[in-house]
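Trainee: I would like to practise the reasoning behind the labels used for a protein structure. Could we go through some of them together?

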Amino acid sequence: PNFLLQREIVYEIFQKYQVFKKRLGLYDQCDLAFQLYGRLKYFREQGGSLGLHEGYVDEVQDLTQAELCLLLMTTDTVDSWFMAGDTAQCVQKGVSFRFEDLNSLLYKAKGEEKVEKPLQLKINYRSHAGILNLAASVIQLLENFFSHSFDVLPKDRGCMNGPLPTLFTSVDWVDLAIMIRSSHKGVHEIDFGASQVIIVPDDESREKLPEELQRMGICLTLAESKGLEF
């Protein structure tokens, strides 16, 4: 995840990116975090306090280390934070989160004091075993090809059995729309609405979605669907 063998190439790209931003008078999320960090550091050095006692963060895997460091500075002690997340659910581009890296950040913030290991929740009460087993097979592929990009953890266990999700490997868009909409040949109609949506990788994919599927209901990107229940 640290581009150990390509750092010179990555830094060269970074320098060009910095020139591009400066020429157009732009800034990005990292620039914002850096500016806030400098101001907050000066404020703390002058004896200032924001008066925050505790902080709770969900979906922590979508935050950069700079943003996490900034959050830790807003309370008087780093032990005041409760953070939860799933490294296999990271959807933010450019973020390669691992709890191992968060532990290193906490270790430095605490003055090299011992940091407690994260508590892993292994039982999934939301989905049945059919969905979880399919998800585990995808995560296994990620572990095989990108083992250093996220935490390798035991797979989730469901409380009940259930069927595997239906996968269509090759089917015409029109036929797919008919299969979803109608009860032809025993296929039950799916009521698209608050309970079901079409999820696509990004906005570009949504624009390329065939008209037959666009008319069926709500279409969300991965980032838009985060935290919603379907």
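Trainee: Why is Phe82 called exposed?

Mentor: Please keep in mind that this is a predicted model. Phe82 has a relative accessible area of 52%, and since the word exposed is used for values over 50%, Phe82 counts as exposed. Tyr56 is also called exposed, because its relative accessible area is 61% and the cut-off is over 50%.

Trainee: What makes Tyr56 and Phe82 an aromatic pair, and why is the pair called tilted?

Mentor: Their ring centres are 6.1 Å apart, and rings pair if the centres lie within 6.5 Å. The planes make an angle of 40°, which is neither under 30 degrees, as stacked would require, nor over 60, as edge-to-face would require, so the pair is tilted. Tyr56 belongs to strand 1 (residues 55-57) and Phe82 to strand 2 (residues 81-83), so this pair ties together parts that are 26 residues apart in sequence.

Trainee: How many aromatic pairs are there by this rule?

Mentor: The count comes to 2 aromatic pairs. Tyr11 and Phe14 form one of them, with 5.8 Å from centre to centre and 35° between the planes, so that pair is tilted as well, its angle being neither under 30 degrees nor over 60. Both residues lie in helix 1 (residues 7-24), where they are 3 residues apart, about one turn of the helix.

Trainee: Why is Tyr11 called partly exposed?

Mentor: Tyr11 has a relative accessibility of 49%, and because partly exposed covers the values between buried, under 20%, and exposed, over 50%, Tyr11 falls into that class. Phe14, at 38%, counts as partly exposed by the same reasoning.

Trainee: How do you know that Thr75 is buried?

Mentor: Its relative accessible area is 2%, and buried means under 20%, so Thr75 is buried. Thr75 lies in the loop between helix 3 (65-72) and strand 2, and, when residues up to four places away in sequence are not counted, Thr75 touches Arg44, Leu52, His53, Ser80 and Trp81.

Trainee: What makes the approach of the Thr75 side chain to the side chain of Trp81 a polar contact?

Mentor: The distance is 3.0 Å, and a polar contact needs a suitable pair of N or O atoms within 3.5 Å, so the distance satisfies the cut-off. A polar atom of the Thr75 side chain also lies 3.0 Å from the backbone oxygen of Thr77.

Technical notes: Residues are numbered from 1 along each chain as its sequence is written. This is a predicted model: local features need pLDDT of at least 70, side-chain atom pairs count only at pLDDT 80 or more; totals for chains, interfaces and linings use all residues. Side-chain values use heavy atoms; hydrogens and water are left out. Rings of Phe, Tyr and Trp (its six-membered ring) pair if their centres lie within 6.5 Å; planes under 30 degrees apart count as stacked, over 60 as edge-to-face and the rest as tilted. Helices (H or I, at least four residues) and strands (E, at least two) are DSSP runs, numbered from the N terminus. Buried means under 20% relative accessible area, exposed over 50%, partly exposed in between (1.4 Å probe, protein chains only). A polar contact is a pair of N or O atoms within 3.5 Å; within protein, one must be able to donate a hydrogen and the other to accept it, and residues adjacent in sequence count only if both atoms are side-chain atoms. Contact means heavy atoms within 4.5 Å.
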